[in-house]
Amino acid sequence: MQLSENKAITRFTVIRQLLLAAALFGLIGNSAIATEKPSLGQPQAAAVSPKVSLEAQSEGEAKVSINQADAEALASMLNGVGLKKAEAIVRYREQNGPFSEIDQLQEVPGIGPSLVERNRDRLKM
């Protein structure tokens, strides 16, 4: 009889520890989420590169100038463009002068027509 009581106590202890651990992780998770979300009453300052235009605010997206933006701005604003491709865009622009049209981006190594089409609404001259 004592053996079954010990098993019950052990199970209870294990279950209690699991519940405490779950509660602790829940608190940690909620506090991490709370630090990431801005509070509703406080305005957020937008950290936008000066080379990124907010002219497309009505559409909900900002546009980036392919003739003025630095590699970091291009990489952060364009879908499918990482830092390497963004640096290639800047390098091409420095070697060949400013772009005269958005489709000219296809002349940059690693930039194809589908990438230009995917980002056309995010680009400006």
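This section describes the confidence, the nonpolar core and two buried polar residues of a predicted model.

Confidence varies along the protein chain. The mean pLDDT of the chain is 75, and 57% of the residues score at least 70. The highest mean, 95, belongs to helix H3, whereas strand E1, comprising residues 52–53, has the lowest, at 46. Residues 45–59 have a pLDDT below 50. This stretch nevertheless has 20 contacts in the model beyond near neighbours in sequence.

The largest nonpolar core contains 21 residues. Those with the most contacts inside this core are Leu74, Ile89, Phe99, Leu105, Val108, Ile111 and Leu123. Two or more core residues are given by each of helix H2 (71–77), helix H3 (83–96) and helix H4 (113–119). Of the contributing elements, H3 gives the most, with five residues. In soluble globular proteins, nonpolar side chains tend to be buried together. The surroundings of Leu74 were examined individually. When residues up to four places away in sequence are not counted, Leu74 touches Val64, Ser65, Ala69, Val81, Ala86, Ile89 and Val90. Among these neighbours, Ile89 is itself one of the core residues with the most contacts.

Arg93 is located in helix H3, the element with the highest mean confidence in the chain. Arg93 counts as buried because its relative accessibility is 13%, below the 20% cut-off. With residues up to four places away in sequence excluded, the contacts of Arg93 are Ile66, Asn67, Gln68, Ala69, Pro98 and Phe99. Ile66 lies 27 residues from Arg93 along the chain, and the C-alpha atoms of the two residues are separated by 8.5 Å. Ala69 also takes part in a polar contact with Arg93: a polar atom of the Arg93 side chain lies 2.9 Å from the backbone oxygen of Ala69. Ala69 is in addition one of the residues touched by Leu74.

Gln104 is placed in the loop between H3 and H4. At a relative accessibility of 16%, Gln104 is likewise under the 20% limit and therefore counts as buried. The side chain of Gln104 reaches the backbone nitrogen of Ser100 at a distance of 2.7 Å. Outside the range of four places in sequence, Gln104 touches Tyr92, Pro98 and Phe99. Pro98 and Phe99 also appear among the contacts of Arg93. Phe99, in turn, is one of the residues with the most contacts inside the largest nonpolar core.

Conventions. Residues numbered from 1 in each chain as written. Predicted model: local features only at pLDDT ≥ 70, side-chain atom pairs only at ≥ 80, totals over all residues. Heavy atoms only, no water. Core = buried A, V, L, I, M, F, W, Y, C linked by side-chain atoms within 4.5 Å. Buried < 20%, exposed > 50% of the residue type's maximum accessible area, 1.4 Å probe, protein only. Helix = DSSP H or I, 4+ residues; strand = E, 2+ residues; numbered from the N terminus. Contact = heavy atoms within 4.5 Å. pLDDT = per-residue confidence, 0-100. Polar contact = N/O pair within 3.5 Å; in protein donor to acceptor, adjacent residues only side chain to side chain.
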